[in-house]
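Please find below a short note on the model we discussed. The points are meant to be read beside the coordinates.

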Amino acid sequence: MAHKFNPIDKNKLDNEWRRENLPPVETLEKLGLQAADVFADIGCGIGYFTIPAAKMIGDNSAYALDTSPEMLAEVVQRSEAAGLNNIKTVKTEELDLLIPDEAVSFALLVNVIHEIVDKNQFLEETSRILKPGGKLAIVDWEKAQTEMGPPIDHRIAKDDVIAMLEEIGFYCQKTQSFTENFYGLVMVKNS
């Protein structure tokens, strides 16, 4: 059984600890988000990364995708407060992202992959929305005991994520660490 984040704990998604470990703009820059990208934040939560990404890409679309109506309502509130009009919220199903094929050039999964039951089907669906040559950036918990985060047996090692994505037509452009708690991957969909 996958470890699922409870929307009642949404205050945990933007706090001092998270801002120290994963500062949103710096994290997006390290992962390679460009001003020309069409962006999808899959499992966007409260919009912690969606809002800064939408500012970085200007007039291009930023999709905020989540299965939780409570989370999406928070994104709408935050985007309105920030004066942004390029964010499109979409209530998805876990294995149906409900946006068109090849709609985005940069997709982001932060602390999502370990929550998914059918990881292969989920990654296939994520690939479907990415343009050829598009980037899938993943940040997730290191498969190690850390002070914060889900139980270690619910975490998935970065090498396992890379292998799953290589099997469906991606190659690894970059790996990195975000403190001792998180790893980052930038995977590119083959053209």
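The numbered points below take up the cores, the helices, the strand pairing and some individual residues.

1. Status of the model. The structure is a predicted one, and local features are described only where pLDDT is at least 70.

2. Main nonpolar core. The largest nonpolar core comprises 30 residues. Ile 42, Tyr 63, Leu 65, Val 104, Leu 136 and Val 161 have the most contacts inside it. Two or more residues each come from β1 (39-42), β2 (62-66), β4 (104-110), α5 (119-129), β5 (130-141), α6 (158-167) and β7 (182-189). The biggest contribution, four residues, is that of α6. In soluble globular proteins, nonpolar side chains tend to be buried together.

3. Ile 42 and the other core. Which residues does Ile 42 touch, not counting those up to four places away in sequence? They are Leu 65, Leu 97, Ala 107, Leu 108, Leu 109, Val 112, Phe 122, Thr 126 and Ile 129. Apart from the largest core lies another one, of 29 residues, with Phe 39, Phe 49, Ala 64 and Phe 178 among them.

4. Helix α6. Val 161, Ile 162, Met 164 and Leu 165 are the buried residues of α6. Viewed down the helix axis they fall within an arc of 165°, so they line one face of α6. The face turned away from this buried side carries Asp 159 and Glu 167, both exposed. The cover over the buried residues of α6 includes α5, β5, β6 (170-178) and β7. Just after α6 comes Gly 169, with a positive phi of about 100°.

5. Phe 170. This residue is found in strand β6. Its relative accessibility is 3%, so Phe 170 counts as buried, the cut-off being under 20%. Leaving aside neighbours within four places in sequence, Phe 170 is in contact with Ser 127, Leu 130, Leu 136, Leu 165, Met 187, Val 188, Lys 189 and Asn 190. Of these contacts, Leu 165 is also one of the buried residues of α6. From Phe 170 to Asn 190 the C-alpha to C-alpha distance is 5.5 Å, with a sequence separation of 20 residues.

6. Helix α3. Is helix α3 (residues 50-57) largely enclosed or largely open? Six of its eight residues are buried, so α3 is largely enclosed by the rest of the structure. The buried ones are Thr 50, Ile 51, Pro 52, Ala 53, Ala 54 and Ile 57. Among the elements covering the buried residues of α3 are α2 (24-31), β1, β2, α4 and β3. Gly 58 follows α3 and has a positive phi, near 60°.

7. Strands β2 and β3. β2 pairs with strand β3 (residues 87-91) in the parallel sense, over five bridges. Within this pairing, Asp 66 has Lys 91 in β3 as its bridge partner. Between β2 and β3 the chain passes through helix α4 (residues 69-81), and this β-α-β crossover is right-handed.

8. Positive phi outside glycine. Most residues other than glycine have a negative phi, and most peptide bonds are trans. Two residues deserve a look on this count. Leu 98 has a positive phi near 60° and sits in the loop between β3 and β4. With a relative accessible area of 45%, Leu 98 is partly exposed. Thr 179, which is not a glycine either, has a positive phi of about 60° and sits in the loop between β6 and β7. The relative accessible area of Thr 179 is 34%, which makes this residue partly exposed.

9. Glu 125. This acidic residue lies in helix α5. At 11% relative accessibility, Glu 125 counts as buried. Leaving aside neighbours within four places in sequence, Glu 125 is in contact with Leu 95, Asp 96, Leu 97 and Leu 98. Leu 98 is one of the residues with a positive phi in point 8.

10. Cysteines. How many disulfides are there? The count comes to zero. Cys 44 counts as buried, at 6% relative accessibility, whereas Cys 172 counts as partly exposed, at 26%.

How values were computed. Residues are numbered from 1 along each chain as its sequence is written. This is a predicted model: local features need pLDDT of at least 70, side-chain atom pairs count only at pLDDT 80 or more; totals for chains, interfaces and linings use all residues. Side-chain values use heavy atoms; hydrogens and water are left out. A nonpolar core is a set of buried Ala, Val, Leu, Ile, Met, Phe, Trp, Tyr and Cys residues joined through side-chain atoms within 4.5 Å. Buried means under 20% relative accessible area, exposed over 50%, partly exposed in between (1.4 Å probe, protein chains only). Contact means heavy atoms within 4.5 Å. A disulfide is a pair of cysteine sulfur atoms within 2.5 Å. Two strands pair if DSSP finds at least two bridges between them. A crossover is right-handed if, with the strands pointing away from the viewer, the path from the first strand over the helix to the second runs clockwise. The arc is that of the directions from the helix axis to the C-beta atoms.
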